[in-house]
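Reader: I have a structure open and would like to talk it through. Could we begin with the overall picture and then turn to single residues?

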2 protein chains.
Amino acid sequence: MSDMLAELMSALPGAVLTGADGTEPYRRDRALDPDAGVPLAVVLPRSTAEVQTAVRWAARHHVPIVPRGAGTGLSGGATAVHGGLVLSTERMRDVTIDTATRMAIVQPGLLNAELKAAAADAGLWYPPDPASFEICSIGGNIATNAGGLCCVKYGVTADYVLSLEVVLADGRAVRLGRPLIKDVAGLSLTSLFVGSEGTLGIVTEITLRLLPTPPPTRWVVAWFDSSDDAARAIAEIACTVRPSVLEYMDRIAINAVEDRLHLGLDRGAAALVLAGCDDVDPQRDLNAMQAVLERHDPSSVHQPPQADGDAIAYARRLAIPAVEDKGRLLLADVGVSIPRLAELIGGVEEIAARNDVTIAFIAHAGDGNTHPLVVFDPADVDEAARAEHAYGELMTLAIGLGGTITGEHGVGKLKRPWLADQVGHDALDLGQRIKTALDPDGILNPGTIFEDDHS
Amino acid sequence: MSDMLAELMSALPGAVLTGADGTEPYRRDRALDPDAGVPLAVVLPRSTAEVQTAVRWAARHHVPIVPRGAGTGLSGGATAVHGGLVLSTERMRDVTIDTATRMAIVQPGLLNAELKAAAADAGLWYPPDPASFEICSIGGNIATNAGGLCCVKYGVTADYVLSLEVVLADGRAVRLGRPLIKDVAGLSLTSLFVGSEGTLGIVTEITLRLLPTPPPTRWVVAWFDSSDDAARAIAEIACTVRPSVLEYMDRIAINAVEDRLHLGLDRGAAALVLAGCDDVDPQRDLNAMQAVLERHDPSSVHQPPQADGDAIAYARRLAIPAVEDKGRLLLADVGVSIPRLAELIGGVEEIAARNDVTIAFIAHAGDGNTHPLVVFDPADVDEAARAEHAYGELMTLAIGLGGTITGEHGVGKLKRPWLADQVGHDALDLGQRIKTALDPDGILNPGTIFEDDHS
């Protein structure tokens, strides 16, 4: 073992994994990046002080660090760098709920579902709900500014972050913001760090705003023979009502979910639209949404009993793993402004046909945030290449429609090649200047968002 | 006239004011900073291109630029710098409402009230509502991340900004973000620029999210003989209900407003609490809030007829100008976590007594964001000095309570001396590194938030 590694292991006893057995499980997130490097070591700190120790060691030896939450990222933001350190926050799971201020103070490794449960025990609610909420960490949610189903009404992760403690590239721990609802003292550094995917610092503590638990969501479900009709109905709902959920699944996703759950979903439908309202008195908006859906030629539309609506919402959350049963996925996260949803769906169908690949389509439709899922057999080299090509075309399509290559999963390493096409070279340069000012040696998650100068 | 100035006037014909008559009205914002400098010139651009021309001229000649909206700032963020340029956006007032995407595209000089009116014409609503909404500009709101009364439920300006066009210190115009509800491509630069008080760039176009108009707010009004009881009632409401408005006025503010409006307010009360709910069915929460208020020993509490409640809300909005009738103001903007509101109010009363000055106290109480108004006679040199001392003590008090020196007005030039005490030297350094990376010559609003290296 090198002196360097011995120094790390002696500084963090019991918190360093080495060798293939130790590091292999930490090389990739759910994006399964085929180009993942082999890290020198994995550190599993329990505290801010231990994170500082690891970062100071890395800074001293110019070793890149890839921070990692629960490893559920879908853009390769936690892909290991060759010869680098992976810093997993999985042992940092403390949570304190303060009912008097309606806030939670959490360590980054806490799972989203664990926070929701702790808040619920105190009669409170943490809204952001990525479909992966049972397995993803709050730190990862902060890193990507994660969204979910409730965001159409309740906003994204950034809307709940009041204060952060971060360890900077030089090992200093800095407190950003205070546990206050309104605070504009100095630059909005907290907001800058949310969504920075571990490139500016490592988040070690998070203060989050909680809300009172709203009434349960009541549902309207509509089935369409035409995806175009469904998309137009969604656009009309989105500009006239304020639903708490507005989701979309296409035929491929419906069938994949039905294969798992056997709910009796309509396998022949082109599209399913699931709309919800959680107002104290939801009937006005449920009726308004039903009326809009009826105007757009659905094959059926109704307000189901609570349990049936909840089951379809559960099915929607299960869509990604259900489609994954059919093959390896390239999971896009493209977004457009909502009136352009129909064009996006049409464009995705063209891309699937042109590249002869299967693309399932699900969407947080009320946000214009969609997940085309390119399904392929990794053993079929030609199909894998066509899938890769289609994945790139999805991003080019979204950019051409004035949209985004990522609505909630982050840029990571996989989408970086398309970032300049979306944001332009001047905005990219602005980000790079901030990155360089905060991490001059480029040790924090190199290759994510920004090009790795060393590679 | 200097060659330098002639060059500017020829590049921006009809858009440059010089001489005392031209520049005097642009030397100060509403903070009336006694140390305001005499600017070389004022420019009144109409377009992004004209802003770029002015910034390029300033960069070439190393002339500092102070950007300015409607001049209603309360922290001296638009105080002119001696020999510098003031850039007023007052001629940049275009507004376009897109009902299909529920967004507004506006130039920064548009008044908040003008945006609200344009949105209302399209059946939509722009929530952020500083008490000064009739006279303050959207650009100024962006600069300070302005709040208001509705923020307790609907959030602050930052929550509505989807995309910005900014002119950087080198004159480049950069688009940050896209008109999308969810977009996490690259660093959150849009969020960083909101609240940056003109120190990182000059905002020239803003894309804002709009909401459907909610039902009118219904009211509960409570009068208290003890400010402490009122503060405890507010803390209980804030952690159990989700009001759309939760405001506080003390005896001095009540009397100042009553002098103007003659509404029949209770001049003897120690405190007035105004709580509102705008749910489709507001009765549940109104009753819940009334029950909490009744538990905290009010002298009276009731749900007034709509017009009476609206009149008290109007009175609350008028509190600052009404107190200003009594003398010059030093207007604080300190915030604490809501359970500490009673301690803050007690501390403010002590500061008033110790310094023998009058301090009126109003608050967006549901956010913990308060405005102690130190009233003094500027002709009385001793009282003015005591007022200045009390103003500083208010900030030290808030910091000591874990709070903030500014909840919604910004740091400007007036609060900069206290900023390090709140955020700490490491966070200040982090901000300074970003400032230096984006404005290496320090020409953008020097002395605001950051120390002026040149002074």
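Reader: How many helices and strands are there in chain A?

Author: Chain A has 15 helices and 18 strands; these are DSSP runs, helices being H or I with at least four residues and strands E with at least two, numbered from the N terminus. This is a predicted model, in which local features need pLDDT of at least 70 and side-chain atom pairs count only at pLDDT 80 or more, while totals for chains, interfaces and linings use all residues. Residues are numbered from 1 along each chain as its sequence is written, chains are lettered from A and ligands numbered from 1 in the order in which they are written, and side-chain values use heavy atoms, with hydrogens and water left out.

Reader: What is the radius of gyration of chain A?

Author: The value is 22 Å, which agrees with the figure near 23 Å for a compact globule of 455 residues. The radius is taken over C-alpha atoms, and the globule rule is 2.2 Å times the number of residues to the power 0.38. Along the principal axes, the C-alpha atoms of chain A fill a box of roughly 70 × 60 × 45 Å.

Reader: And what share of its residues count as buried?

Author: In chain A, 62% of the 455 residues count as buried. Buried means under 20% relative accessible area, exposed over 50%, and partly exposed in between, with a 1.4 Å probe and protein chains only.

Reader: Into which domains is chain A divided?

Author: Chain A is divided into domain 1 (1–213) and domain 2 (218–400), with bounds from an automatic or database domain assignment. Taken over C-alpha atoms, the centres of the two domains of chain A are separated by 30 Å.

Reader: How many residues of each are in contact?

Author: In chain A, 14 residues of domain 1 are in contact with 16 residues of domain 2, where contact means heavy atoms within 4.5 Å.

Reader: Changing topic to chain B: is Q290(B) buried or exposed?

Author: Q290(B) is buried, because its relative accessible area is 17%. This residue is found in helix α10 (residues 283–295) of chain B. Beyond its neighbours within four places in sequence, Q290(B) is in contact with V220(B), V301(B), H302(B) and Q303(B).

Reader: Where is E324(B), and what does it touch?

Author: E324(B) lies in helix α12 (residues 319–324) of chain B. Not counting residues up to four places away in sequence, E324(B) touches R30(B) and L329(B). E324(B) counts as partly exposed because its relative accessibility is 28%.

Reader: How far is E324(B) from A256(B)?

Author: Their C-alpha atoms are separated by 8.6 Å, although E324(B) and A256(B) are 68 residues apart along the chain.
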